[in-house]
Amino acid sequence: MRDLEQFFNSEFQKLSKLDCVQIVPDYQGRNVEFYDAIQGEYQEDVQFYLNKIGKGPLKILELGSGTGRTAIPLAKAGHTVYALDNSDDMHNILMAKVPTELKNRIIPIKASMTDFNIDVRFDYVILGLNTIFALAEEDDRIRCFKLVRKYLKGEGRFLVDLMLPSPEDLKNTKGKYELSVMETEEGKNCLSVVFNRYDAKRQIMILNYLSIDMEKDDKVKFFITPAVEYYPSPGEIKLLLRNCGFEIELFSCDYEGTPFEDDDTKRDLVICARIA
Ligand SMILES: C[S@@+](CC[C@H](N)C(=O)[O-])C[C@H]1O[C@@H](n2cnc3c(N)ncnc32)[C@H](O)[C@@H]1O
């Protein structure tokens with residue numbers, strides 16, 4: 001999806017014209033500073049990958065690898081992880097965290113997950129932690145899933161993990177604002193105002209972020225970020241996998257393997273697919 005600024009609401013359009021406000025794309029620039037503070041501690045999915053994949057050395061491709069929350073533990077378990085991401089800033093954080101002894105087991109690939117070319121075939125491809133949300137256009141989803149099929153070994157597996165939208169998310173068609181305060185490890189405070197609105201026709205959540213960074217010297221900086229998240233339905237993902245040449249081995253509502261249909265209270269979707 002191009003030109004995300006079109007998704008700014010009228011107030012954010014006004015903000016975007018002010019000289020003191022900087023527009024920063026998602027997962028770039030100052031937006032990466034808070035990623036580990038927000039997501040870094042989450043471990044349940046990492047444990048699932050470690051259990052599922054087992055001991056190395058296998059070849060793993062992680063699509064949208066971010067700051068290495070998953071890639072680093074997998075490399076520690078003996079695997080070689082190709083960490084594909086289209087953000088240099090996320091890659092820089094990842095590579096700064098990789099211990100020297102693992103440097104040859106984490107291979108950063110700067111590319112889009114809808115268009116990449118690697119001279120390797122993989123035992124596992126991971127599209128974790130809601131990264132499917134970035135595939136907002138149908139063509140992107142098909143391109144990405146067909147590439148995964150191409151780069152998987154015959155006995156390889158495709159692991160997908162996402163959170164389905166809540167009924168409240170889907171009802172939020174008028175939009176609402178949320179306010180929060182965060183602190184980086186360096187002690188910088190950030191006031192974050194998020195406007196989100198669900199566009200039911202396009203099945204996307206439109207997100208407008210305003211971040212006000214409060215530096216130690218009392219300086220204040222304003223940043224705005226447009227973002228869009230695709231919210232697939234379980235049926236769509238099944239169809240997408242089938243149409244791109246996969247068969248589903250696991251379709252679960254948790255990391256323990258409970259069949260998705262058996263628990264209406266959970267919103268997680270954990271999938272393992274193999275080549276049909
Ligand atoms: C939700 S984060 C997940 C990071 C990491 N996998 C984790 O579990 O912590 C999504 C990541 O996908 C990357 N990303 C978004 N769109 C992408 C695309 N089209 N191609 C490659 N990477 C993309 C972002 O830069 C970001 O690092």
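Trainee: What makes tyrosine 151 count as buried?

Mentor: Good place to start, and keep in mind that this model is predicted. The relative accessible area of tyrosine 151 is 1%. Buried means under 20%, so tyrosine 151 is buried.

Trainee: Where is tyrosine 151 found, and how far is its C-alpha atom from that of phenylalanine 122?

Mentor: Tyrosine 151 is found in helix H6. Its C-alpha atom is 6.1 Å from the C-alpha atom of phenylalanine 122, although the two residues are 29 apart along the chain.

Trainee: Why is threonine 114 called buried or exposed?

Mentor: Use the cut-off again. Threonine 114 has a relative accessible area of 14%, and buried means under 20%, so threonine 114 is buried. You can find threonine 114 in the loop between S4 and S5.

Trainee: How do you know that the side chains of threonine 114 and serine 112 are joined by a polar contact?

Mentor: The distance for that pair is 2.8 Å. A polar contact needs N or O atoms within 3.5 Å, so the value for threonine 114 and serine 112 meets that distance limit.

Trainee: What makes asparagine 104 count as exposed?

Mentor: Its relative accessibility is 59%. Exposed means over 50%, so asparagine 104 counts as exposed. Asparagine 104 is in the loop between helix H5 (88-97) and strand S4 (106-110). Its C-alpha atom is separated by 9.3 Å from that of alanine 75, which is 29 residues apart from it along the chain.

Trainee: Why does lysine 14 count as exposed?

Mentor: The same cut-off of over 50% applies. Lysine 14 has 52% relative accessibility, so it counts as exposed. Lysine 14 lies in helix H1 (residues 10-16). From lysine 14 to aspartate 268 there are 254 residues in sequence and 37 Å in space, C-alpha to C-alpha.

Trainee: Why is tyrosine 27 called partly exposed?

Mentor: Its relative accessible area is 43%. Buried is under 20% and exposed is over 50%, with partly exposed in between, so tyrosine 27 is partly exposed. Tyrosine 27 lies in the loop between strand S1 (21-23) and helix H2 (35-39). Its phi is near 60°, a positive value in a residue other than glycine.

Trainee: Which loop holds leucine 129, and what is its phi?

Mentor: Leucine 129 lies in the loop between strand S5 (122-127) and H6. Its phi is positive, about 35°, although leucine 129 is not a glycine.

Trainee: How many residues are in the largest nonpolar core, and which have the most contacts inside it?

Mentor: That core has 44 residues, and Leu63, Ile118, Phe145 and Phe158 have the most contacts inside it. Helix H6 (residues 138-151) gives the largest share, five residues. At least three residues come from each of domain 1 (4-25 + 167-230) and domain 2 (37-163 + 233-275). In soluble globular proteins, nonpolar side chains tend to be buried together.

Trainee: Which residues come nearest to the ligand?

Mentor: Of the 19 residues around the ligand, Tyr35, Glu62, Gly64, Arg69 and Asp85 come nearest. The shell divides into eight nonpolar, eight polar and three charged residues.

Trainee: How do you know that an oxygen atom of the ligand and the side chain of tyrosine 35 make a polar contact?

Mentor: The oxygen atom of the ligand is 2.7 Å from an N or O atom in that side chain. The limit is within 3.5 Å, so this pair is a polar contact. A nitrogen atom of the ligand is also 2.9 Å from a polar backbone atom of methionine 113. The protein covers 92% of the 600 Å² of accessible area that the ligand has on its own.

Note on methods: Residues numbered from 1 in each chain as written. Predicted model: local features only at pLDDT ≥ 70, side-chain atom pairs only at ≥ 80, totals over all residues. Heavy atoms only, no water. Near = heavy atom within 4 Å. Polar contact = N/O pair within 3.5 Å; in protein donor to acceptor, adjacent residues only side chain to side chain. Areas by Shrake-Rupley, 256 points an atom, 1.4 Å probe, with all protein chains shown as cover. Nonpolar A, V, L, I, M, F, W, Y, C, P; charged D, E, K, R; others polar. Core = buried A, V, L, I, M, F, W, Y, C linked by side-chain atoms within 4.5 Å. Buried < 20%, exposed > 50% of the residue type's maximum accessible area, 1.4 Å probe, protein only. Helix = DSSP H or I, 4+ residues; strand = E, 2+ residues; numbered from the N terminus. Domains from an automatic or database assignment.
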